[in-house]
Amino acid sequence: MRKDNFNSPDHYAVDKLLSEENILIRNITRDWVKINVSPIIENAVQNDEFPVKFVKGISEIGGFGPFLPEKYGGAEIDLISYGIMMQELERGDSSLRVLSSIQSGLVMKLIFDHASEQQKLKYLIPLSKGDMIGSFGMSEPNHGSDPSSMLTRFTKKGNKYVINGSKLWIGQAPICNVAVFWCKNDHNEFGLFLVDRETKGFETSKIKNKWGFRGSETGELIFNNMELNEESLLFKTKDVGEMLKCLNLGRYAVAWGALGIAMDCYDCALKYASERIQFGKKIASFQLIQKKLVDMITEITKTQILVWRLGVLMNDGSATYDQISMAKRSSVDMSSNVAIKARSILGGMGVTAEYPVMRHILNLEVLKTYQGTEEIHTLITGRSITGISAF
Ligand SMILES: Cc1cc2nc3c(=O)[nH]c(=O)nc-3n(C[C@H](O)[C@H](O)[C@H](O)COP(=O)(O)OP(=O)(O)OC[C@H]3O[C@@H](n4cnc5c(N)ncnc54)[C@H](O)[C@@H]3O)c2cc1C
């Protein structure tokens, strides 16, 4: 069992920008991760297991829909606090952040934004307590980066909708009680639907033996002549941009989460370099090792300021799709570079489960693809600054 002695780097006193509530939420989440997650996560990931007890644990620290009104199980926390929670969860392991942010930023947020009052009361409280698990489906086997070409179809038959198709790479699919997903009709309209696991014609499958996100359940949502009532259609739009906007909160969570990974890797490498002796000296005394540590803390510091500023824009409701996209791409890229440097500072020990770094590196490979690939986010920013779409 690994003892988690994490100390968070803060070279530019970014903590001084945080509110009391931000710090309280950070401390609660960090303590929970240190006590309940770090001692068992390496084993769970090595065994490709999802520790079910994390669901209740996350609900107890308020990690499901914490920004929603209390009436719906939330705590009305601001979005910087939410970001910090994602940072701390992903420092523990990506699987925790995935569980929390899919449930909160996609499933609960979409139900909150688009469902009827009756549906909100039915789903949001159990989701906030972890008594229900939710999945979000946009990607398909043949359409990932280009969801507008999705093949899953909905057609109206009397007062029902009939749905056929499937969604691939869906977090929590094998264990979900409810799923929120997008599909399309013959008039090029995108429909956002809500479905219960028990619904006839709805099945899920599990993707086994992933190398990244191993602590997380991933699978497929399969719809075979599935019939849903009219109220299951939460929202309909012809505008692809309107559909894609629902990813904003998820991408924001990844930007903070990837920072959490970088902070963990840096802390681990700094401690190791300060203890490991080679050539009769601590390796931290070698200039080449110092250069790596300096590069790491410099990039982490820039990202700490970037995501904090993005949090301010999120809180006042002015953050744009493009700004969120830039932060997701930049934070994941930064974190991946930091993690690889940390791995090299740890030498051979860096590839073992004694340290979290190799596990984080494999999770970062997923983060580069998930919630929009690094290439797609490059094109989003390119379009934003030039006014020309290169898609
Ligand atoms: C573990 C995991 C969990 C996931 N969880 C979810 C989830 O819960 N819900 C969900 O809906 N989805 C989920 N995803 C899916 C994820 O969002 C997609 O994998 C991602 O959008 C990329 O789609 P793709 O895998 O089909 O790759 P593709 O779209 O086939 O892309 C393949 C490559 O081509 C590149 N490419 C594509 N188009 C262009 C272009 N125009 N210019 C340059 N390069 C391009 C891509 O960047 C990539 O490098 C998950 C994925 C993984 C791996």
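In the predicted model, Gly 137 of strand S1 stands opposite Phe 181 in strand S4. The two strands, S1 covering residues 134-137 and S4 covering residues 178-184, run parallel and are joined by four bridges. In a regular strand, side chains alternate between the two faces of the sheet. In S1, Gly 134 and Phe 136 point one way, while Ser 135 and Gly 137 point the other way. The residues on both sides of S1 are buried.

A second strand pair is formed by S2 (residues 153-157) and S3, which run antiparallel and are connected by five bridges. Within this pair, Phe 154 has Ile 163 of S3 as its bridge partner. S2 and S3 form a hairpin with two residues between the strands, and Gly 158 in this hairpin takes a positive phi near 65°.

The protein chain is divided into three domains, namely domain 1 (14-132), domain 2 (135-238) and domain 3 (243-386). The centres of domain 1 and domain 2, taken over C-alpha atoms, are separated by 23 Å. Contact between these two domains involves 21 residues of domain 1 and 18 residues of domain 2. On the side of domain 1 that touches domain 2, helices H1, H4 and H5 (117-129) each supply at least two residues. H4 gives the largest share of this side, with 10 residues. By class, the side of domain 1 that touches domain 2 consists of 14 nonpolar, five polar and two charged residues.

The ligand is surrounded by 22 residues, of which the closest are Gly 144, Ser 145, Trp 169, Thr 373 and Glu 375. Divided by class, the shell around the ligand has 11 nonpolar residues, 10 polar residues and one charged residue. At least two residues of the shell come from each of S1, S3 (160-171), H10 and H11 (374-386). Domain 2 and domain 3 both give residues to the shell, so the ligand lies between these two domains.

Helix H10, one of the elements that supply the ligand shell, comprises 13 residues, 357-369. At 1.5 Å a residue, H10 should span 18 Å, and the 19 Å between its end C-alpha atoms agrees with this. The buried residues of H10 are Val 357, Arg 359, His 360, Ile 361, Asn 363, Leu 364, Val 366 and Leu 367. What covers them includes four other helices, H1 (20-46), H4 (94-114), H7 (248-275) and H9 (321-345). H1 and H4 thus recur here, as both also supply residues of the side of domain 1 that touches domain 2. H10 is followed by Gln 371, whose phi is positive, near 60°.

Positive phi values are also found at two further positions. Ala 13, which is not a glycine, has a positive phi of about 50°. Ala 13 is placed in the segment before H1 and is exposed because 7 other C-beta atoms lie within 10 Å. Asn 209, likewise a residue other than glycine, has a positive phi near 60°. The loop between strand S6 (202-206) and strand S7 (218-229) contains Asn 209. Asn 209 has 6 C-beta neighbours inside 10 Å and therefore counts as exposed.

Two other positions illustrate local surroundings. Glu 76 is found in the loop between helix H2 (53-60) and helix H3 (79-92). With 11 C-beta neighbours inside 10 Å, Glu 76 counts as exposed. Leaving aside residues up to four places away in sequence, Glu 76 touches Phe 67, Pro 69 and Glu 70. Glu 76 and Asn 36 are 40 residues apart along the chain, and their C-alpha atoms are separated by 25 Å.

Leu 313 is found in helix H8, which covers residues 287-315. Leu 313 has 16 C-beta neighbours inside 10 Å and so counts as partly exposed. Not counting residues up to four places away in sequence, Leu 313 touches Ser 318, Ala 319 and Gln 323. A distance of 33 Å separates the C-alpha atoms of Leu 313 and Ala 269, which are 44 residues apart along the chain.

Notes
Residues are numbered from 1 along each chain as its sequence is written. This is a predicted model: local features need pLDDT of at least 70, side-chain atom pairs count only at pLDDT 80 or more; totals for chains, interfaces and linings use all residues. The expected span of a helix is 1.5 Å times one less than its number of residues. A residue is buried if 20 or more other C-beta atoms lie within 10 Å of its own, exposed if 12 or fewer, and partly exposed in between; C-beta atoms are placed from the backbone. Two residues are in contact if their C-beta atoms, placed from the backbone, lie within 7 Å. Two strands pair if DSSP finds at least two bridges between them. A residue is near a molecule or strand if its C-beta atom, placed from the backbone, lies within 6 Å of it. Ala, Val, Leu, Ile, Met, Phe, Trp, Tyr, Cys and Pro count as nonpolar, Asp, Glu, Lys and Arg as charged, and the others, Gly among them, as polar. Domain bounds come from an automatic or database domain assignment.
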